[in-house]
Amino acid sequence: MADPPSTLDPNISYSVSTSRYGSVICYNQTVAILDGDHNGWETAASLKTAFPYFAMQLFFSNFCYRIIYSLTRPLHLPPFAAQILCGLLFSPTLLGRDSRPLKKFSPYRYTMVLETFANLALVYNIFLLGLGMDLRMIKIKQVKPMVIAIVGLVVALLVGSCLYYYPGNGDPDIILAGCLYWSVALSCTNFPDLARILADLKLLRSDMGHTAMSASIITDLCTWVLLVLGNACFTRGTWNDTMPFALVSTIAFVFFCIYVIHPGIAWAFANTVKGGHVGETHVWFTLVGVIFCGLITDACGVHSVTGAFLFGLSIPHDHIIRNMIEEKLHYFLSGILMPLFYVTCGFKLDLDYLLHNTTLKVMAIVISSCFMVKIVSTVICSLFLRMPLRDGFAVGALMNTKGTMALVILNAGRDSKALDVTLYTHMTFAFLVMSIVVQPLLTFTYTPKKKLIDYKHRNVQNLKGEVEFRVLTCVHALINVPGITNLLHVSNPTKESPLDIYAIHLVELTGCTTASLLIMNDETKPKVKFSDRVRAESEQIAETFEGMEVNNDIVSVQTLTVVSPYATMHEDICTLAEDKRASLILLPYHKSLTPDGRLGEGNYAHAEVNQNVLRNAPCSVGILVDRGMTTVRSESPSFQGKTTKKEIVMLFVGGRDDREALAYAWRMVGQEMIKLTVMRFVPDREALVSAGKLPVEYEKEAQVDEEYIYEFNFKTMDDSSVTYTEKVVHDGPETIKAIREMEDNHSFDLYIVGRGDKVETPVTAGLADWNTSPDLGTIGDTLASASFTMHASVLVIQQYSAANRQTSEKHQEDVKGEEKTTNEAKVNSHEDEEEEEEEDDDDDDDDDNGDDDDDDDKQYEMGMRT
């Protein structure tokens, strides 16, 4: 049939015919060219040119996608659901039903321009998919992921073939090529979206998460092989006579990428990067290489996205060029160009046509079968692999995660006329339902069993005897590393008490976070061959920490990268600390040193992370305010190298946090190049009288302080590297004055103080009102303030308290409107009892020591030691 000339194209008439493969549009291209813009804006003829229409399409597609994405994100739906809904909006079922908005938005003559840019966006998007996939994460020795992936793939292909030929599913005149595309699309799993779901649910580090990710990568690679075979074997829905040439040339290109492109790019980057700066030229040549490889595979008879994917895999991993490309491409693609691809997919959808040719019963059978096939196959595999059924169910549900790759396969079959409108729309709608169900299903049905880890050494003060010192260190950027490592250098590891370091690189989970970064585990990855100047930041951080254990038997280091939103990052930190049975968590202060020697404005999201960790930590926590700690090397066998004299001072005010700070400072004693000064501030009689009757808790803590100070002085009285001093003060300002006088007389390198949260003492009276950093406490905040012009670093320590953690958990549950269960209350109560028993045991030990050494006590006096 022929449509009359439109008002926008008065000289062009369209001939539109419909079939099971969609609409076929015919128009006179010569007339369209002659009817071009010759008079500029005077006749408004420029509205008929391609660019204004493309700009309008770009604007409306992005606007609609962002609106839909904003509405679906609070429902915890993956981006793939918003992508399909965006395409569905422009389909003939909705906006496309009326020809008037379609003609204004996308006239037929400009559809090719839209599809050209959409395919270009798709090529670069698949390139990023290959760029973010690290094949080193596949471990052939792992039986579970391999079995689950292969069994799930084979079963999905068989069930997909049965559903394709199921009576009533579309037109009875269907072809073999469509069966291949239909089955492959059903069997594929989108690895990036799966990794993001696991990250949102805090399951990345679980055994189930590792199994699901490994199985997903294997499934993705098998899917690519099947897609290449389908493109090579069929053309226009029929058998391809040039199939041998397509297969041989594609295999040759794969080897070309492995043995020519990959080493060539590595050599070029290694020899052209100067001064650690990767220029824009490197990025642009890489982007041109994507198009070049896409053209090669297109000429070989397979889809151009195959070349882009292989080129992405060929880019050397752990090189800084990868981050630069992702930064330049991701937001531009996902936020601007990729919505065009979703719109073109929507043009091919037609729910009315599907409902006209398929009954609701058949649709329900097909969609439910598509969703259950991988769940059932994975659950059966879990029985033979001795996996928990709940883990098998969760992995099976995750293997249903679909993404852009599924749309690529369906569009390849649609463009080659292997899939008609009915089958294309049916499978796309099934993918939409599957994607909507996966994450909410796991959220409500799969709650990982939290192991109740009961370990005694949750703080430094309880580390007595031959016990290893486990420290969980966290850094946000490379600038945080020197201060943390230098602090660990002076922690005095010994054969009796070795140092176990768990170094965590904290990365914010954003829209451009790649899947390879989400699951990065540095301790299991091979060493890279690039220099530090071009290596990715995570690799540089990992190697800096790992350098501490080189030729050192009493220091062990494990490095990990944690990717999480700032709002929930503390959960990962606390979980890792409990899993590793850490005694101390070291965090960097949210403000870093500026070139002029002062602390900058800082990142307040990092400050929020620190405060959340302080409230929920399962062990003691230390926050380091790094003012440029110089490298420290001790003469002990733990660290070999140059020695530097270090002056460390511990300021003791009173309370459990100060006792923990003293315990950590005490641990540093014994190294020849470390000199420790302990200054205790004692309130004068007038301050005690003005304070009135002190709380019972304060008097109890003061008694414990006296006993611990006594023990410290008694055991270090013969150590010339330790100096103990008491200073009588009246209030907080006098305490700060004493600290300033001490700094004027001595140049200290490190101050160690207790956080002293909620500790009321006359020594700090009048300072709480000026506290701007709650995570540092009263004294720590004063030392870190700009008005305190010292150049020493500050370490603020908070001792683990089961009671405080219980209060924090109760507060969080009250905010959520939930009640604490009886079991949790018993666990926390049990922890309190254990802590009290530990303190009682310590007191008994002190009393025993005092009874045994009465003669020595006569020679000792509390106060100034000379």
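How much area does the chain expose, and what share of it do carbon and sulfur atoms supply? The exposed area is about 39,300 Å², and carbon and sulfur atoms supply 59% of it. Keep in mind during the tour that this is a predicted model.

**Whole chain**

Start with everything shown as a cartoon. The chain has 31 helices and 14 strands. Of its 866 residues, 54% count as buried. Among contacts with a separation of 6 or more, 80% join residues 24 or more positions apart.

**The largest nonpolar core**

Select Phe 127, Ile 325, Leu 398 and Phe 431. In the largest nonpolar core, which has 127 residues, these four touch the most other members. Now add helix 13, residues 320–347, which gives the most to this core, with 12 residues.

Stay on Phe 127 and show its surroundings. Leaving out residues up to four places away in sequence, Phe 127 touches Thr 286, Val 290, Ala 308, Phe 311, Gly 312, Ile 315, Ile 325 and Leu 329.

**Helix 12**

Next select residues 304–314, which are helix 12. Because 11 of its 11 residues are buried, helix 12 is largely enclosed by the rest of the structure. Ala 308, Phe 311 and Gly 312 are among these buried residues, and Phe 127 touches each of those three. To see what helix 12 packs against, display helix 5 (111–131), helix 9 (207–233), helix 10 (243–272), helix 11 (280–299), helix 13 and helix 17 (404–415).

**Helix 3**

Move to residues 79–89. This is helix 3, mostly covered, with nine of its 11 residues buried. The buried residues include Pro 79, Phe 80, Ile 84, Cys 86 and Leu 88. Their cover includes helix 2 (50–72), helix 8 (191–200), helix 13, helix 14 (351–357), helix 17 and helix 18 (421–445).

**Tyr 164**

Select Tyr 164, in helix 6 (residues 143–164). Is Tyr 164 buried or exposed? Its relative accessibility is 1%, so Tyr 164 counts as buried. Apart from neighbours within four places in sequence, the residues in contact with Tyr 164 are Asn 169, Ile 174, Ile 175, Gly 178, Cys 179, Trp 182, Ala 418, Leu 419 and Leu 423. For a distance check, pick the C-alpha atoms of Tyr 164 and Tyr 181: they are 10.0 Å apart, with the two positions 17 residues apart in sequence numbering.

**Strands 5, 6 and 7**

Go to strand 6, residues 499–508, where nine of 10 residues are buried. Strand 5 (residues 469–475) pairs with strand 6 in the parallel sense over seven bridges. In this pairing, Val 471 stands opposite Ile 501. Add helix 19 (residues 481–489) to the selection: strand 5, helix 19 and strand 6 make a right-handed β-α-β unit.

Strand 6 also pairs with strand 7 (residues 555–564), in the parallel sense and over 10 bridges. Here the bridge partner of Leu 506 is Val 562.

**Aromatic rings**

Finish with the aromatic side chains. The whole structure has 17 aromatic pairs. One of them is Phe 59 with Phe 63, a stacked pair at 6.1 Å centre to centre with 15° between the planes. Both lie in helix 2, four residues apart, about one turn of the helix. In an α-helix with 3.6 residues a turn, residues three or four places apart point the same way. Phe 59 is exposed, at 52% relative accessible area, while Phe 63 is partly exposed, at 46%.

Last, select Tyr 65, Tyr 69, Phe 341 and Tyr 342, which form one aromatic cluster.

Terms used
Residues numbered from 1 in each chain as written. Predicted model: local features only at pLDDT ≥ 70, side-chain atom pairs only at ≥ 80, totals over all residues. Heavy atoms only, no water. Helix = DSSP H or I, 4+ residues; strand = E, 2+ residues; numbered from the N terminus. Buried < 20%, exposed > 50% of the residue type's maximum accessible area, 1.4 Å probe, protein only. Contact = heavy atoms within 4.5 Å. Areas by Shrake-Rupley, 256 points an atom, 1.4 Å probe, with all protein chains shown as cover. Core = buried A, V, L, I, M, F, W, Y, C linked by side-chain atoms within 4.5 Å. Pairing = 2+ DSSP bridges. Right-handed = clockwise from strand over helix to strand, strands pointing away. Phe/Tyr/Trp six-rings, centres within 6.5 Å; stacked < 30°, edge-to-face > 60°.
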